[in-house]
Amino acid sequence: MAGLDNVTLIRGRHVLTFGPKGAIADGAVAIRGDRIADAGDYRALRDKYADAVVEGGENAIVLPGFVNAHTHFSEALLTGMCENMTLFEWGAKLLAPTAPHLTREVAKVGTILRCAELFSTGVTSVNDMFCHACYGEGASLGVVDGLEEAGMSGVVSFGAEDSGPDGKSNAPRDAIVEEHKALCERAKAAKNVSFRLGIGTVLGQSDALFETSVALARENGWGVHTHLAETREEKILARQRWGRTTVERADDCELLDLDVVAGHGIWLDDSETVLLASKGTKIVYNPVANMILADGICDLQRLRGAGVRLALGTDGAASNDSQNMLEAIKFGSLLQKVHAFDPSVVEAEEMLLMAAGNGAMVLGLGAERGSLEVGKRADVVVFSGEWPGTAIVHNPFQQIVNGASPRDISDVWAGGIRKLNDGKLVGIDLPGVIEKARSLASIIAKKSNLRDFSCLA
Ligand SMILES: [Zn+2]
C-alpha cells in the first residue's frame with residue numbers, strides 16, 4: 001500500500017502506552033516519519049504493515065520516552081565533587097567560582113555529553129536551566145546549539161541571579177534581560193526547542209531583577225522555570241529578608257499567577273502546599289540530588305493529595321553526579337517508601353507516569369509527548385529483555401523501576417530518529433565529545449581554583 005513502506009514496527013511483549021490503550025500484551029507501535037502511526041496487537045499490525053521493518057522483539061518492553069523535567073547543563077562538566085556539602089556550601093564553593101567561566105562553547109559541549117547520557121537512560125525531552133555569570137557572551141545559547149547537534153528536544157532557560165540572600169545586586173540587569181531575549185530567539189530558530197524565563201532562585205535575585213523577571217514573563221506570555229522550597233536555610237533567610245517565605249514572596253509578586261515549573265517543593269507547610277495547588281504551580285521531584293545534598297524529602301503523598309501537579313527530574317549533574325533518569329525513577333520511589341514507612345505509598349506505574357506523561361504535561365507538551373498514542377511524536381524507548389535486569393518479567397512496571405539499568409535499554413527513537421541502536425548511540429561522536437569535555441572541565445577547574453576537591457587542577 002502506498003505510503004506504508006516507510007513504517008517501522010517496534011514490538012514488545014509489553015507495550016506500556018500510558019495512553020488510552022494502556023498496557024498491550026505482545027503489542028507494537030508503528031512509527032512513520034516523526035509520528036506514531038498506530039499502536040495495538042503485534043500480529044494485527046504486522047499484517048497491516050506487511051513491508052514494515054520490525055524492531056524491538058518478543059521479549060522487549062516498549063515505553064514512551066522519558067521527560068527529565070529539571071536539570072542544569074551548566075553543571076555538565078562539574079560532576080563528582082563536594083559530596084559532603086549542603087546546598088548553600090556547594091553553591092558558594094563550587095557553582096560560584098565556576099559560574100564566570102561557563103562559555104557558550106562549554107554549554108554546547110556539556111549539553112551534548114549529558115544528552116548522550118540522557119538518551120542512554122531513556123530520556124527524549126529535557127527541561128534545562130543554564131546558570132552562569134559569564135555576561136555578554138550569551139553562554140546559555142550554547143545549550144540550544146548542543147541540543148540541536150545531539151538531536152534532543154528541550155525547553156531552555158537562563159537561570160538568572162544577581163544577588164546573594166541579602167538582596168544586593170551584583171550583576172548587570174540589562175545584560176540578564178538581553179540574554180533572556182536572545183535565548184528565546186535562539187530557541188525559536190531551532191527545531192523542537194522552546195523557551196522559559198529562568199529565575200535561578202527567588203532569594204538569588206535582587207528585588208528589582210525579580211520584579212523585572214515577572215513583568216517580562218507576563219508581557220511576553222513566557223512560562224517560568226525556577227526553584228522553590230529546596231532547603232530549610234532558604235526559608236529562614238527569606239523570612240529574615242522579607243518576613244515571608246520564598247513561596248509567599250513569589251505569590252506576593254504575582255509570580256505564581258504565571259505558568260511556573262519549579263524544582264523541589266520540599267520545605268512547604270500546608271498553606272503553601274494548598275497555595276501552589278490552587279495556582280497550578282508545577283513541582284519537579286529530584287530525589288537523587290535531594291539525597292546527595294541532604295536537602296530533605298519532597299513529600300509526594302502530601303503534594304499529590306493537595307492536587308499539586310508533579311513531575312520527575314535528575315537536577316544538575318553537579319548535585320547528582322550523573323543524568324541517569326533510571327536512578328531518579330528508582331530512588332524517587334524508594335525514598336517515598338522509607339519516608340512514609342509504607343511500601344505501598346507509591347507504585348511503579350505512578351513513577352513511570354511521572355517520568356513520562358507528567359513531565360510532558362507540566363512543560364505544556366502533553367499534546368505531543370508523554371504517551372504512545374497515534375499522532376504524537378515518535379519518542380519511543382525499548383528495554384530489550386536481553387540483559388539480566390529485564391530478562392525475567394512478571395510485572396513490567398516494577399521490573400523497570402526496580403530492576404533495570406541503562407544496559408537494559410537497547411533502542412531509543414526521538415521524534416522518529418534513532419538515537420540508540422542496540423545499545424550504541426547514533427549521531428553523536430561520543431569519543432570526540434568526551435575528549436573536548438575533559439579538556440574544558442580541566443580548564444574550568446584551573447580557572448576556578450578548585451584544587452581543594454578536584455584532581456583535574
Ligand atoms: Zn536545580
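**View 1. Eight strands line up in an open sheet.** In this predicted model, the strands follow the order β6-β7-β8-β9-β10-β11-β12-β13. Their pairing is parallel. Which strands stand at the edges? They are β6 (66–71) and β13 (309–312). Each has a single partner strand, so one side of each is left without a neighbour in the sheet. On average, neighbouring strands are turned by 25° against each other, direction ignored.

**View 2. Strand β7 pairs with strand β8.** β7 covers residues 123–128, and β8 covers residues 153–156. The two run parallel, joined by three bridges. Look for S125: opposite it, in β8, stands S153.

**View 3. Helix α12 lies across part of the sheet.** This helix spans residues 325–340. It lies across β6, β7, β12 (282–285) and β13. Its direction makes an angle of about 80° with β6.

**View 4. Four residues hold donors for a zinc ion.** The protein donors are H70 (NE2), H72 (NE2), H227 (NE2) and D315 (OD). They lie 2.1 to 2.3 Å from the zinc ion. Along the chain, the donors follow the spacing H-x1-H-x154-H-x87-D. H227 lies in strand β10 (residues 223–228), while D315 lies in the loop between β13 and α12. The pair therefore ties together parts that are 88 residues apart in sequence. Are these two residues buried or exposed? H227 is buried, with a relative accessible area of 9%. D315 is buried too, at 4%.

**View 5. The zinc donors have an irregular arrangement.** Why is it called irregular? The four donor atoms subtend angles of 89 to 173° around the zinc ion. Four donors count as tetrahedral if all angles lie between 85 and 135 degrees. The value of 173° does not fit that range, so the tetrahedral label is ruled out. For comparison, the ideal angle for four tetrahedral donors is 109.5 degrees.

**View 6. F66 sits in the largest nonpolar core.** This core has 116 residues. Which of them touch the most other members? They are F66 and I329. Helix α3 (residues 104–120) gives the most to this core, with nine residues. Now follow the contacts of F66, leaving aside neighbours within four places in sequence. Among them are T121, G122, V123, T124 and S125. M325, L326 and I329 are also in contact with F66. So are L352, A355 and A356. A second, separate core has 13 residues, including V29, I36, V380 and V382.

**View 7. L63 is a buried residue of strand β5.** β5 covers residues 61–64. The relative accessibility of L63 is 0%, so it counts as buried. What does L63 touch, beyond residues up to four places away in sequence? Its contacts are L16, F18, L352, L372, D379, V380, V381, F383 and I400. A294 is 231 residues from L63 in sequence, and their C-alpha atoms are 32 Å apart in space.

**View 8. L16 meets residues from distant parts of the sequence.** L16 belongs to strand β1 (residues 8–16). At 1% relative accessibility, it counts as buried. Its contacts, not counting residues up to four places away in sequence, include G22, A23, I61, V62, L63 and P64. L372, P396 and F397 also touch L16. L16 and P396 are 380 residues apart along the chain, yet 8.5 Å separates their C-alpha atoms.

**View 9. Strand β14 pairs with β5 and with β15.** β14 covers residues 380–383. V380 and V382 point one way from the strand, and V381 and F383 point the other way. All four are buried. β5 and β14 pair in the antiparallel sense over four bridges. One partnership here joins I61 to F383. β14 and β15 (residues 409–414) also pair in the antiparallel sense, over four bridges. There, V381 stands opposite V412.

**View 10. Helix α9 packs through its buried residues.** α9 spans residues 270–279. Which of its residues are buried? They are E272, T273, L275, L276 and A277. These pack against β10, α7 (232–242), α8 (246–252), β12 and α11 (300–306). G280 follows the helix. Its phi is positive, near 75°.

How values were computed: Residues are numbered from 1 along each chain as its sequence is written. This is a predicted model: local features need pLDDT of at least 70, side-chain atom pairs count only at pLDDT 80 or more; totals for chains, interfaces and linings use all residues. Side-chain values use heavy atoms; hydrogens and water are left out. A nonpolar core is a set of buried Ala, Val, Leu, Ile, Met, Phe, Trp, Tyr and Cys residues joined through side-chain atoms within 4.5 Å. Buried means under 20% relative accessible area, exposed over 50%, partly exposed in between (1.4 Å probe, protein chains only). Contact means heavy atoms within 4.5 Å. Two strands pair if DSSP finds at least two bridges between them. Axes are lines fitted to C-alpha atoms, for helices over the stretch in contact, and angles run from 0 to 180 degrees between N-to-C directions. Donors are N, O and S atoms within 2.8 Å of the metal (3.2 Å for Na, K and Ca); water is not among the atoms, so sites may look incomplete. Four donors count as tetrahedral if all angles lie between 85 and 135 degrees; four count as square planar and six as octahedral if opposite donors are over 155 degrees apart and all others between 65 and 115; anything else is irregular.
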